[in-house]
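Pull the model up in your viewer and keep the sequence beside it. We'll go through it piece by piece, with the cut-offs spelled out along the way.

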Amino acid sequence: MEIKKKTTIKDIGDLLGLTPSAVSKALNNHPRISDKTKKAVQDAAIKLQYQPNFLSSALRKGKSNMVGLIVPRINTNYYSSVIENIEDVLNENGYNVIMAQTNESYNKECKSIDNLLNIQVDGIIASIANETVSFDYYQKIKEKGVPLVLFDRGENDLDVDYIGIDDYNCSHLIVAHLAGQNYKKIAHITGYSHTRIFKNRIRGFRDAMQKFDLPIQENSIIECNLQVEDGRRIMKALLNQEKRPDAIYAASDNAALGALEVLLEEGIQVPEEMAIVGFGNEPFSTIIKPQISTINQFNAEIGKQAALAFLERIKNPEKKVSLNKIILDSELMIRSSSYRKL
C-alpha cells in the first residue's frame with residue numbers, strides 16, 4: 001500500500017507560487033500578508049489536507065500552547081470532572097490539553113512525562129500514580145523549567161503548586177460520624193501509605209479512633225488499589241476475622257461499592273449490622289440501595305484551581321517556585337449506608 005506523503009508548507013507554496021516563509025506567515029495571520037493571500041493559503045491547506053507540525057512550531061516559538069495532564073484513571077467521576085474543568089479553563093485561555101492515563105503504573109507515568117516533555121508542552125498538571133515511590137521524573141520536569149501543578153495526590157518535597165483537600169480531617173469527620181452512630185469496631189480500607197493523601201487519611205483515622213476511645217485492629221487497616229474488586233476481596237477477608245468489624249471506612253467509593261456488594265450477598269443488614277462509608281461522591285453512590293455515605297471533594301473546583309495555578313505560573317515565570325498548597329473544603333454526605341436512626 002502506498003503511503004501518502006505528508007503535505008508541507010513548501011507544497012502549498014509551490015501550488016500558489018509563494019515562498020514557504022510567506023505561506024507560514026499567512027497561516028499564522030501575519031499582518032503584512034494580505035487577506036486575499038491568507039484566504040488562498042487557507043483554501044490550499046484544506047485542499048492538500050495540510051496538518052501543521054506543532055512540535056516544529058513549538059521549537060520556533062518556544063511555546064506550544066499545549067498542557068500535559070496526567071491522571072491515574074479516567075473511569076471515575078472524580079477524575080472525569082477534574083479533567084473537564086481543567087480543560088474548560090485552559091481552552092478559554094488558548095491552551096489545548098494532552099491527556100495521559102497511568103492506570104496507577106509508575107512505568108507508564110515515567111513514559112508519559114518523557115513524551116510530554118518531548119513534544120514541548122508548556123506545563124504539566126498531574127495526580128501521582130499509586131505505584132510511584134520515586135519522584136525523579138517529576139524533578140526532571142522542574143529541572144527543565146516546565147511549570148508543574150499537582151492535584152489530589154501530591155508530594156510536599158517537590159515544592160510545587162498543589163490543590164487538594166484536608167484528607168486528615170476527612171477521616172476525622174467519618175470516624176466521628178460512625179462513633180456517633182454507636183459503631184465500635186471500624187475497619188479502614190485505604191490506598192497505599194507511601195502516597196501522601198492516604199498516609200494522611202490513615203493518620204487521621206488512627207488519631208480519630210484514639211480520640212473516641214475506639215480499639216484499632218492493625219489487621220483491619222488494609223492497603224490496596226481501591227477498586228471494586230479490592231473492596232470485595234477485603235470485605236470477604238474481614239468477615240472471616242475473629243473480631244469482625246461493625247463499620248467500614250473505604251477511602252474510595254469504588255472499594256465501598258465492592259464491600260457493600262459482599263455484605264448484601266451475605267445477607268448482612270446495612271447499616272443495622274454493619275455500616276459503610278466511602279470517599280469521592282461517585283454518581284452510583286446515590287443509585288445503589290442503601291445509598292453510600294461518602295466524602296464530597298468538590299471535584300470541579302479542584303480542576304479549576306489546578307488550571308488557574310498553571311496560568312498564574314505562566315503569567316509570572318520569574319516567581320520563585322515553592323510549595324503553594326490550596327486546600328479546599330470537603331463535606332461528609334451522610335446517607336442510609338451508615339445512618340442507623342438511633
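What follows is a walk through the helices, sheets, cores and a couple of loops.

This is a predicted model, so keep the ground rules in mind: local features need pLDDT of at least 70, side-chain atom pairs count only at pLDDT 80 or more, and totals for chains, interfaces and linings use all residues. Residues are numbered from 1 along each chain as its sequence is written, and side-chain values use heavy atoms, with hydrogens and water left out.

Let's begin with a pair of helices. Helices here are DSSP runs of H or I with at least four residues, strands are runs of E with at least two, and both are numbered from the N terminus. Two packed helices are described by the angle between their axes and the distance between the axes. For α1 (residues 9–16) and α2 (residues 20–27), the axes come within 8 Å and cross at roughly 105°. That makes α1 roughly perpendicular to α2, a label for angles of 65 to 115 degrees (under 35 is roughly parallel, over 145 roughly antiparallel, the rest oblique). The axes themselves are lines fitted to C-alpha atoms, for helices over the stretch in contact, and angles run from 0 to 180 degrees between N-to-C directions.

Which residues make the contact between α1 and α2? On the α1 side they are Ile-9, Lys-10, Ile-12 and Gly-13, and on the α2 side Pro-20, Val-23, Ser-24 and Leu-27. Contact means heavy atoms within 4.5 Å. Within α2, Ala-22, Val-23, Ser-24 and Ala-26 are buried, where buried means under 20% relative accessible area, exposed over 50%, and partly exposed in between (1.4 Å probe, protein chains only). The cover over the buried residues of α2 includes α1 and α3 (35–47). Just after α2 comes Asn-29, with a positive phi near 60°.

Now for the sheets. One is an open sheet of six strands, ordered β2-β1-β3-β4-β5-β11 with parallel pairing; two strands pair if DSSP finds at least two bridges between them. At its edges stand β2 (96–101) and β11 (324–328), each with a single partner strand, so one side of each is left without a neighbour in the sheet. Ignoring direction, neighbouring strands of this sheet are turned by 15° against each other on average.

Strand β1 is a good place to zoom in. Six of its six residues are buried. In a regular strand the side chains alternate between the two faces of the sheet. In β1, Met-66, Gly-68 and Ile-70 point one way while Val-67, Leu-69 and Val-71 point the other. Six bridges join β1 to β2 in parallel, and Ile-70 has Ala-100 of β2 as its bridge partner. Helix α6 (residues 106–118) lies across β1 (66–71), β2 and β3 (123–126), running at about 180° to β1. Elsewhere in the sheet, β5 (residues 161–165) runs parallel to β11, joined by five bridges, and Asp-161 stands opposite Asn-324 in β11.

There's also an open sheet of four strands, in the order β7-β6-β8-β9, again with parallel pairing. Here β7 (221–223) and β9 (275–277) are the edge strands, each with a single partner, so one side of each lacks a neighbour in the sheet. Four bridges link β6 to β8 (residues 247–250), with Ile-189 partnered to Ala-250 in β8. Helix α8 (residues 167–180) lies across β6, β8 and β9, at about 160° to β9, and α9 lies across β6, β7 and β8, at about 175° to β6.

What about the interior? A nonpolar core is a set of buried Ala, Val, Leu, Ile, Met, Phe, Trp, Tyr and Cys residues joined through side-chain atoms within 4.5 Å. The largest has 46 residues, and those with the most contacts inside it are Ile-124, Tyr-138, Leu-150 and Met-235. Helix α11 (residues 253–265) gives the most to this core, with seven residues. A second, separate core of 43 residues includes Val-71, Val-149, Ile-186 and Leu-214.

Two loop residues round off the tour. Is Thr-195 buried or exposed? Thr-195 sits in the loop between β6 (186–190) and α9 (196–211), and its 6% relative accessibility makes it buried. Leaving out residues up to four places away in sequence, Thr-195 touches Asn-130 and Arg-153. Asn-182, in the loop between α8 and β6, is partly exposed at 40% relative accessible area.
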